[in-house]
Structure formats: structure tokens, C-alpha cells
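Student: Got a minute to go through this one with me? I'd like the overall picture, then the details.

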Amino acid sequence: VVNNNQSSELPSAGQTLLSKGAWQGDVKCVRNHGGIFWCALSIAKFTETKTEEVWIAAFKDISAAIAEKNRIASLNAGLNLFAIVAITDKKGNIIYANDKFCELSGYSREELLGSNHRILKSGQHSKEFFESMWATLFAGKFWSGEICNRKKDGSFYWVDSSIFAIENEFGETNFMAIRFDITKRKNAELRLIETNKLTTLGEMA
């Protein structure tokens, strides 16, 4: 039995069946005892004679898959509120950037997607720093550290980064980075270092 909340979708499904002879989609249903479940439903015309039409329907319970999809969507929504999230391919080209990434870097999503992550290079880290990071990632290991990036306007910002490998739907390896803005903390640390240096020089004078 189709849940009443989806009744508005049924005319469209019926029109598709009449015009194309087939329809498929995900449908919310109710069990005899009143419980709700999701099923993937496919309906197609099996045969037709002068006096009757025979239709065949097949369905599969996908409640677990829908629940997992919703759970992941909720987790992603929560993560995107607080974290800077990016996904790159194995060459470092950006293929996903969330709103926080765009907001902090000053680049639009259109500017970031397809660009290499070097677009954010600040020059504050050595070549060996990044070689070590990539070696760790290509070895299938988790990498974490603090990175200084450059915004579009040229100013610097610091992020606490965690990067790890993920697989896309084609089995290809990409890398997901989850970062948190630590610029205020790093600037305070740098000011303290400078103050200590000046204090030391004053004592030596």
C-alpha cells in the first residue's frame, strides 16, 4: 500500500505507464500492521491482447539503504556546518568543495573545482613537507597536520587537516580532507614566539 504522503506522485507514475509502458521508482509503503518501509518498484507491461492487458511488477525492500543514505546525509550536513571539506583526485585536483571551503579561501566553488590544490599554496611549507604528506597518503595511511594556505586575496590562513583515501563509485582512489580553521590560534602562537624573541634580545643587550 502506498503511503498517502506520496499520493501526488501517482498521477505522474500512471501517465508514464500509459505513455511508455513502464515505470520505476522508490516508493514509501505501509505494512499491514502500520509500519512504514521503502521499496524500489518497477512496473512494466508484460503482454497485451484485444481483451486484456497483463502488467508485471517487481519490488525490493530498500529500507536499510534509504536509512543509511539519510544517516550519511545528516552526518554530512552536520559536518559541513563546522568543517572545511574538500575532495581531490590523486593529482591534487579539487573535485568537491563545501561552502566553508569557499567561504574561508575566498574562491567561488566554480573557481575551486577543477583547480589543483596548489592554488592555495602559501610558500610557508617546504617541498619535503608535501612529499612526506603524499607518500603517507599513497601508502594508504591517514595523514594529519597543520597547513598554512593562501586566500584569494593573498592573506594566509591556517587549518588543522585530516586527510585520508576514499573510493568513488568507479573504484578510483580520491582523497578527502576535513579541516578546521585554526588561524586565530596560530597567529597568537606566532605573536608569542616573536615576543619571546624580542624579550631574549632585550636581555642579551
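Student: What share of the 205 residues in the protein is buried?

Tutor: Buried residues make up 28% of the 205. Buried means under 20% relative accessible area, exposed means over 50%, and partly exposed lies in between, with a 1.4 Å probe and protein chains only. Accessible areas come from the Shrake-Rupley method with a 1.4 Å probe, and for residues only the protein chains shown count as cover.

Student: Any ground rules before I read on?

Tutor: This is a predicted model, where local features need pLDDT of at least 70 and side-chain atom pairs count only at pLDDT 80 or more, while totals for chains, interfaces and linings use all residues. Residues are numbered from 1 along each chain as its sequence is written, and side-chain values use heavy atoms, with hydrogens and water left out.

Student: How many helices and strands are in the secondary structure?

Tutor: Six helices and eight strands. From the N terminus, the order is α-β-β-β-α-β-β-α-α-α-β-β-β-α. Helices (H or I, at least four residues) and strands (E, at least two) are DSSP runs, numbered from the N terminus.

Student: Switching to pockets. How much space lies in the largest pocket?

Tutor: About 460 Å³. A pocket is found on a 1 Å grid over the protein atoms alone: an open set of points where a 1.4 Å probe fits, with protein on both sides within 12 Å along at least five of seven lines. Lining residues have an atom within 4 Å of a point. Points are joined across faces, edges and corners, and the volume is the space filled by probe spheres set on them.

Student: Which residues lie nearest its centre?

Tutor: His117, Arg118, Phe130, Met133 and Trp134, out of 24 lining residues. Strand 4 (84-88), helix 5 (127-138), strand 6 (143-150) and strand 8 (173-181) each give two or more residues to the lining. Helix 5 gives the most, with five.

Student: What's the nonpolar, polar and charged split of the lining?

Tutor: Twelve nonpolar, seven polar and five charged. Ala, Val, Leu, Ile, Met, Phe, Trp, Tyr, Cys and Pro count as nonpolar; Asp, Glu, Lys and Arg count as charged; the others, Gly among them, are polar.

Student: Now salt bridges. How many does the structure hold?

Tutor: Eight. The criterion is a side-chain nitrogen of Lys or Arg within 4 Å of a carboxyl oxygen of Asp or Glu.

Student: Which residue does arginine 109 pair with?

Tutor: Aspartate 99, with the closest N and O atoms 2.4 Å apart. Arginine 109 is in helix 4 (109-112) and aspartate 99 in helix 3 (99-105), so the pair ties together parts ten residues apart in sequence. Aspartate 99 is exposed at 52% relative accessibility, while arginine 109 is partly exposed at 30%.

Student: And what does lysine 152 bridge to?

Tutor: Glutamate 111, at 2.7 Å between the closest N and O atoms. Lysine 152 sits in the loop between strand 6 and strand 7 (156-167), and glutamate 111 in helix 4, so this pair ties together parts 41 residues apart in sequence.

Student: Which residues are linked in a network?

Tutor: Glu146, Arg185, Lys186 and Glu189. Within that set, glutamate 189 bridges arginine 185, the closest N and O atoms being 3.2 Å apart. These two are four residues apart in helix 6 (183-204), so about one helical turn separates them.
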